[in-house]
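Q: I am new to this structure and would like a careful, close look at one part of it. Please choose a single element, explain the terms as they come up, and show how that part is connected to its surroundings.

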Amino acid sequence: MIEEKTTQALEKVLKDTRPQQAEAFLRDHEDRMVTGDRPFADHFRSVLRKKKIRQQEVFLAADLSESYGYKLISEEKHTVNRDTILRLCLGGHFELGETQRALKLYGMAPLYSRVPRDAVIMIAINAGTYEIADVDELLIQNGQTPLSRTE
């Protein structure tokens with residue numbers, strides 16, 4: 001998980017950074033900072049471009065309407081349903097680090113390995129299992145609730 005190591009490394013540097021060094025810190029680590037008006041949208045679209053996946057394909061795989069999906073990705077609409085963001089990430093074939101970052105940028109808790117349901121989802125993602133039906137089946141097989149389908 002490169003993203004976590006990067007965040008941890010930045011936090012270590014910040015621990016020893018004095019207030020008068022803040023400007024230099026921001027300048028030196030500009031490429032690692034979350035900037036822009038819509039960081040989730042920027043991250044999400046960047047991952048899709050890298051993977052050459054169209055947004056329409058993501059919405060279809062996530063079982064979300066295009067209009068709702070576009071509004072979520074553009075941050076025009078907001079959901080409090082973490083499963084909806086997970087479904088978008090699965091539809092976009094996001095790796096674990098990409099998924100964790102998307103959740104954080106959206107303002108949601110990242111997947112946590114000590115939570116059984118999250119652990120099963122992490123296992124699926126790490127195995128390259130992105131089909132929601134397959135993830136749901138794995139969740140059910142392990143006594144966990146499947147990803148919710150509500151918008």
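A: A salt bridge is counted where a side-chain nitrogen of Lys or Arg lies within 4 Å of a carboxyl oxygen of Asp or Glu. By that rule, the structure holds seven salt bridges. The model is a predicted one, in which local features need pLDDT of at least 70 and side-chain atom pairs count only at pLDDT 80 or more, while totals for chains, interfaces and linings use all residues. Residues are numbered from 1 along each chain as its sequence is written, and side-chain values rest on heavy atoms, with hydrogens and water left out.

Before turning to the chosen part, it helps to have the overall setting. The protein has nine helices and zero strands, where helices (H or I, at least four residues) and strands (E, at least two) are DSSP runs numbered from the N terminus. The C-alpha atoms fill a box of roughly 50 × 35 × 25 Å, taken along the principal axes. Of the 151 residues, 38% count as buried, a word that stands for under 20% relative accessible area, with exposed meaning over 50% and partly exposed in between (1.4 Å probe, protein chains only). Residues 24 or more positions apart account for 58% of the contacts with a separation of 6 or more, a contact being heavy atoms within 4.5 Å.

The part to look at closely is helix α7, which spans residues 96-106. Eight of its 11 residues are buried, so the helix is largely enclosed by the rest of the structure. The buried residues are L96, E98, T99, Q100, A102, L103, L105 and Y106, and what covers them includes α3 (39-51), α5 (66-73), α6 (82-91) and α8 (116-126). Just after α7 the chain reaches G107, which takes a positive phi of about 90°.

One of the buried residues, E98, also takes part in a salt bridge, its side chain meeting that of K50 at 2.7 Å, N to O. This pair links distant parts of the chain, since E98 sits in helix α7 and K50 in helix α3, 48 residues apart. The two partners differ in their surroundings: E98 counts as buried at 9% relative accessibility, whereas K50 counts as exposed at 58%.

A second pair joins K51 and E95, with the closest N and O atoms 3.9 Å apart. K51 lies in helix α3 and E95 in the loop between α6 and α7, so this pair ties together parts that are 44 residues apart in sequence. Both K51, at 24% relative accessibility, and E95, with a relative accessible area of 46%, count as partly exposed. Taken together, K50, K51, E95 and E98 are linked in a network of salt bridges.

Two of the helices that help to cover α7, namely α6 and α8, are joined to each other as well. R82 forms a salt bridge with D118, the closest N and O atoms being 3.0 Å apart. Here R82 lies in helix α6 and D118 in helix α8, so the pair ties together parts that are 36 residues apart in sequence. D118 is itself buried, with a relative accessible area of 5%.

For contrast with these buried positions, one may look at I140 in helix α9 (residues 132-141), which is exposed, with a relative accessible area of 53%.
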